[in-house]
Every structure is written in structure tokens, then in C-alpha cells.
Amino acid sequence: MLQAAIIGYGGMGKWHHEAISGQVKDIAVTGAYDLRPEANDEARAKGLKVYAAARDLFADQDIDVVIIATPNDSHKDYIIQGLEAGKHVVCEKPVVLSSADLLEIMEVGKTSPGLFTIHQNRRWDRDFQTVKTILEEGEVGKAYFIESRVNGSSVFLHGWRDYKINGGGMLYDWGVHLIDQALQLIPEKVTSVTAHLFNIHSQEVDDNVKVLLTFESGISMLLEVATNCFIPAPRWHVSGRDGTFVIYNWQCEGKIVKLADSSALKWENDIVYTAAGPTRTMAPRPVNTTVEKPLPQILDARGNEYHRWSSADIFYHNLVEAIRGEAALLVQPEEALRVLKVMELAFASAEQGHGVSCLI
Ligand code: NAD
């Protein structure tokens, strides 16, 4: 049985504790450390050993795995201390605030017996896995434009997320998930990044984000994070050569609409008088030329129905297997490095006011 300790016993630290306790029989969470006495009291009340300082946690020979769930600016030092102490380290996303910092960590990792991975859990979200499945099955033909949005209306950013010094802002917070998903979805190099970052209510950091990524074959993805959107657009809208599909929400309601067959690509029509005025191009398509299908029902990567802890189940079982030398880590630092490089170009693009070419 591996023993784990959590640094940062706030929202996400408690999530890891609960998820591991419920799902992962080979890891026991036994310890915690937080800067806030109330958080430490809560950890103690749940039977965890609370350390007086982070260095005591790292020095504890009984601890095999350290889970870092503190604000983003503190990840780097904790990861390095964990690796130097020979622990296996799981760090929350965004792993660090720059690619240079991650490269430094990866150097340290070379001489540590510990493994190091990043909690990019949204790779195992049901909506994302549904998109991946539909594209892999070629259901709508070759995709050329993919829109991925998380639209909320919290308006104000919570706590440390509102401060630059803590690595706050929505590009770091949700943008990192959407970029990671994009790079997982399209196995091609990114050739340009164009970003608009808005400060609608936040004084210091981006609170609304739009990023357009272009890939080598020309396929583009629009990624959007909103905290000021009162009429959400669909979570996913995907345009393929032969059809379109939409996933409206986290419950994965949606549909696929595709051409009935290739002969339906063109149909003879007279000019039609529509609500848009006289038009051929935008005239409603005859219904018998398209087919509407439900979204596929998919199981999680372990072949189970999706449940609340699906991602933790997959992520931590993989960690256990990787520690035993039976599998490669599902989230590699090199992948997080690519995500950070794209994020850096997004910041640069927003600053410069135009798109940035690249080959990442
Ligand atoms: P939070 O504010 O709820 O919790 C952070 C905790 O860390 C607090 O209890 C705070 O007292 C403690 N803390 C702050 N600085 C510390 C330090 N230097 N040392 C020890 N403890 C410290 O924040 P959160 O929402 O849990 O976010 C924590 C991390 O988890 C962030 O990196 C965030 O991006 C990530 N996160 C990931 C997901 C996901 O789905 N993967 C979801 C939410 C948050």
C-alpha cells in the first residue's frame, strides 16, 4: 500500500483525499499540510497526520506520494522539494507558470527516483471522450473547426485566482484544461495561436479568454473560457466536412446531424424567400438529405459507466501501475510543457494584438 500526503487541504486537496479514499485501494492518504490552521484542523478531524511544516512532510520516510493542491505560484518549489526527497509527485494543473520553470523541474526529475505527473483530469471527462470518439469514428467526415467552450457567469474570480502573483486568471485556470484537451484531440503541431484576453471585472488578471489555435493540416480550434456569460453557448460545436455535432452541456445532451449520403451535398433549389430574405445559400436544407443521430453512449477508459470519480479512478490507478513499472504515466511532463508553450504564445498574442506563428 502506498502512502500519500496532500499539500494544500483546500477545495482540490479535499477532492483528492475523497476520490482516492473511495476509488483507489492501493493508495492511502495519511497526511496533510496547509498554511491555514482551519484547513489543518479539518484534515486532523478526518484522521490525517498534520505536519507542522512542509519540510517535515517531505522528510517523512513513510510517505511515498505527495499531492500538491496549493495555489499555482507555489507548485514549483513544492515539486522540486518532493522530487529531491525522492517522492512520487502529483501536481495540480497548471503545473507551473512558465515553460522555463517546468524545464528546471524536469532537470531535477532526471536524478530523482520519484515519478512526476500532472493532474490534467479533464482528459477523462465524458464530453471530451464523446468528442474524441465521434472524430475517431469519422462520423462527420474530416473536422475543420472545433469550438470548445466553458461559459460561466460567476463574474468575480474566487480568492487567489484573482491575483497575478498567485498565477491567477482564467487562461491558467480553465484555459490549461482546454488547451490540454485540444492537443490531445488533434495529433498535429500547432502552427498559430491568436488570443484575446479580457479583464471585464478583474483588476489584475484575465477573466474571459478566447484562443484560436491552428494546426498543421489547417484544422482550427476556438477555445473559450467565460466568467461573464449569461447565455451559455454549447460546450462543444464541431464542424466536419460531412456533418456537424453539438454537445450542449456537461450532461452530454446533444446530437449529430450529417448528410444522408454524398449525393445530398448539392441540391437544386430556386431562390427561397426565408426570414433572412431571398437566399439560396442559407435556404433550409430538405429534411430527407440529412440524418440526425444521438451522441454515442461511451464508457470511461476503464470500460465503466461514467461516475463522479471516473477521472481519479483512471489517473491514480495509472500512477500505481507506473510506480510498479507496469505502465507509462498517462500525463507526461513533456505534454504539460507543450501546453505551457501554447499558453505563453496566447499571452504574447493578446499583448501584441495579433496572432503568433509557431511550430509546437
Ligand atoms: P483553494 O484555495 O480551495 O485551496 C488551496 C489551499 O492551499 C488552501 O487551503 C490554502 O490555505 C492552501 N495554501 C495556500 N498556499 C499554500 C502554501 N504555500 N503551502 C501550503 N498550503 C497553501 O484552491 P483550489 O481550488 O483547491 O486550487 C488548488 C490547486 O488545484 C490550483 O493549482 C488549481 O488550479 C487546482 N485545481 C484543479 C482542478 C482540477 O479540476 N484539476 C480544480 C480546481 C482547482
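This is a walk through a predicted model, starting at its ligand and moving outward to helices, strands and loops.

Let us begin with the ligand, which sits in the largest pocket. Two or more residues of the shell around the ligand come from each of helix H1 (11-23), helix H4 (75-84) and helix H7. That shell has 26 residues, of which Met-12, Asp-34, Arg-36, Asn-72 and Tyr-78 come nearest to the ligand.

Several polar atoms of the protein lie beside oxygen atoms of the ligand. From the backbone, an N or O atom of Gly-11 is 2.9 Å from a ligand oxygen. From the side chains, Trp-160 places a polar atom 3.0 Å from an oxygen of the ligand, and an N or O atom in the side chain of Arg-161 is 2.9 Å from a ligand oxygen. How much of the ligand does the protein bury? Taken alone, the ligand exposes 850 Å², and the protein buries 84% of that.

Helix H4 is a good place to go next, since H4 is among the elements that contribute to the ligand shell. His-75 is found in this helix, and its side chain reaches the backbone oxygen of Thr-70 at 2.7 Å. Is His-75 buried or exposed? With a relative accessible area of 0%, His-75 is buried, because the cut-off for that class is under 20%. Leaving out residues up to four places away in sequence, His-75 touches Ile-68, Thr-70 and a run of residues that includes Cys-91, Glu-92, Lys-93 and Pro-94, as well as Val-95 and Val-96.

Two of those partners deserve a closer look. The peptide bond from Lys-93 to Pro-94 is cis, with omega near -15 degrees. Most peptide bonds, by contrast, are trans. Pro-94 lies in the loop between strand E5 (88-92) and helix H5 (99-110), and Pro-94 is one of the residues that His-75 touches.

On the way from H4 to E5, the chain passes through a loop that holds Gly-86. Gly-86 is partly exposed, with a relative accessible area of 29%. Apart from neighbours within four places in sequence, Gly-86 is in contact with Ser-112, Pro-113 and Gly-114. Looking back along the chain, Ile-63 is 23 residues away from Gly-86 in sequence, and their C-alpha atoms are 10.0 Å apart in space.

Further along comes helix H6 (residues 126-136), where Asp-127, Phe-128, Gln-129, Thr-130, Val-131, Thr-133 and Ile-134 are buried. What do the buried residues of H6 pack against? They meet helix H7 (170-185) and three strands: E11 (236-240), E12 (243-247) and E13 (254-259). H7 thus links two parts of our tour, as H7 also gives residues to the shell around the ligand. After H6 comes Gly-138, which has a positive phi near 65 degrees.

Positive phi values turn up elsewhere too, in residues that are not glycine. Most residues other than glycine have a negative phi. Val-155, in the loop between strand E7 (143-151) and H7, has a phi near 70 degrees. With a relative accessible area of 13%, Val-155 is buried. Cys-252 lies in the loop between E12 and E13, and its phi is positive, at about 65 degrees. Cys-252 is buried as well, with a relative accessible area of 12%. The strands on either side of the Cys-252 loop, E12 and E13, are among those packed by the buried residues of H6.

Strand E9 (residues 208-215) is our next stop, and Asn-208 is found there. At 8% relative accessibility, Asn-208 counts as buried. Its side chain makes a polar contact of 3.1 Å with the side chain of Asp-207. Beyond four places in sequence, the contacts of Asn-208 fall in two stretches of numbering: His-196, Leu-197, Phe-198 and Ile-200, and then Val-225, Ala-226, Thr-227 and Asn-228.

We finish with Ser-263, in the loop between E13 and strand E14 (272-274). Is this residue buried or exposed? At 58% relative accessibility, Ser-263 counts as exposed, because the cut-off for that class is over 50%. Pro-234 is 29 residues from Ser-263 along the chain, and their C-alpha atoms are separated by 30 Å.

Notes:
Residues are numbered from 1 along each chain as its sequence is written. This is a predicted model: local features need pLDDT of at least 70, side-chain atom pairs count only at pLDDT 80 or more; totals for chains, interfaces and linings use all residues. Side-chain values use heavy atoms; hydrogens and water are left out. Buried means under 20% relative accessible area, exposed over 50%, partly exposed in between (1.4 Å probe, protein chains only). Helices (H or I, at least four residues) and strands (E, at least two) are DSSP runs, numbered from the N terminus. Contact means heavy atoms within 4.5 Å. A polar contact is a pair of N or O atoms within 3.5 Å; within protein, one must be able to donate a hydrogen and the other to accept it, and residues adjacent in sequence count only if both atoms are side-chain atoms. A residue is near a molecule or strand if one of its heavy atoms lies within 4 Å of it. Accessible areas come from the Shrake-Rupley method with a 1.4 Å probe; for residues, only the protein chains shown count as cover. On a 1 Å grid over the protein atoms alone, a cavity is a set of points where a 1.4 Å probe fits but cannot get out, and a pocket is an open set with protein on both sides within 12 Å along at least five of seven lines; lining residues have an atom within 4 Å of a point. A molecule sits in a cavity or pocket if more than half of its atoms lie within 2 Å of its grid points.
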